[in-house]
Amino acid sequence: MLVAFSGNVAKVRQLAIDETYQGRGIGTEIMKRAEQAILARNIRTVMLHGRVTARGFFERLGYAARSGVFTEVTIPHIAMQKRPYRRLNMLIRLYFNDPQGKW
Ligand SMILES: CC(C)(COP(=O)(O)OP(=O)(O)OC[C@H]1O[C@@H](n2cnc3c(N)ncnc32)[C@H](O)[C@@H]1OP(=O)(O)O)[C@@H](O)C(=O)NCCC(=O)NCCS
């Protein structure tokens, strides 16, 4: 997992869990720790290019699609984004009845 910073945006790159260890919560934990580190730098937006097959995984973490499907290193990807203002996100989700943070 890599995090690249550009201005006020952090880009998460190359998240991959060994097949043997998938489905044990490791990907979620790594993403949460990365977001904590990003928040600690006062970066307000996190984006990534996720494999289309992992879209549901990132949606569960509050990321929303920000593009159509495009090919990157021969694999179909989609751009996704999250604004990790914790308290504000929570209020927005409650207000708009938006549990997956698609707002
Ligand atoms: C996608 C990936 C990073 C997820 O990591 P992981 O450690 O297996 O995921 P977790 O165990 O934290 O999963 C958390 C939840 O998301 C779900 N989930 C995992 N992968 C998913 C996927 N591809 N689509 C939808 N939901 C998914 C899990 O079922 C789990 O749900 P549960 O809590 O109800 O059991 C991992 O499967 C992976 O490395 N895949 C191959 C490479 C890849 O796609 N990388 C990311 C895109 S660039």
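This report describes the sheet, one helix and two loop residues of a predicted model.

**The sheet and its helix**

In this predicted model, five strands make up an open sheet of mixed pairing, and their order across the sheet is β1-β2-β3-β5-β4. The edges are formed by β1 (2–6) and β4 (64–72), each of which pairs on one side only, and the average turn of neighbouring strands against each other, with direction ignored, is 25°. Strands of a sheet pair through backbone hydrogen bonds, in either a parallel or an antiparallel manner. Within this sheet, strand β2 (residues 9–13) and strand β3 (residues 45–51) run parallel and are joined by four bridges; Val9 has Thr45 as its bridge partner in β3. Helix α1 (residues 26–40) lies across β1, β2 and β3, and the helix runs at about 25° to β1.

**Two loop residues with positive phi**

Asn42, in the loop between α1 and β3, has a positive phi although this residue is not a glycine. Val73, placed in the loop between β4 and β5 (75–82), likewise has a positive phi without being a glycine. The table lists the phi value and the loop of each residue.

| Residue | Phi | Loop |
|---|---|---|
| Asn42 | near 60° | between α1 and β3 |
| Val73 | about 40° | between β4 and β5 |

Are these residues buried or exposed? Asn42 counts as exposed because 7 C-beta neighbours lie inside 10 Å, where the cut-off for an exposed residue is 12 or fewer. Val73 is exposed because 7 other C-beta atoms lie within 10 Å.

Conventions: Residues are numbered from 1 along each chain as its sequence is written. This is a predicted model: local features need pLDDT of at least 70, side-chain atom pairs count only at pLDDT 80 or more; totals for chains, interfaces and linings use all residues. Two strands pair if DSSP finds at least two bridges between them. Axes are lines fitted to C-alpha atoms, for helices over the stretch in contact, and angles run from 0 to 180 degrees between N-to-C directions. Two residues are in contact if their C-beta atoms, placed from the backbone, lie within 7 Å. A residue is buried if 20 or more other C-beta atoms lie within 10 Å of its own, exposed if 12 or fewer, and partly exposed in between; C-beta atoms are placed from the backbone.
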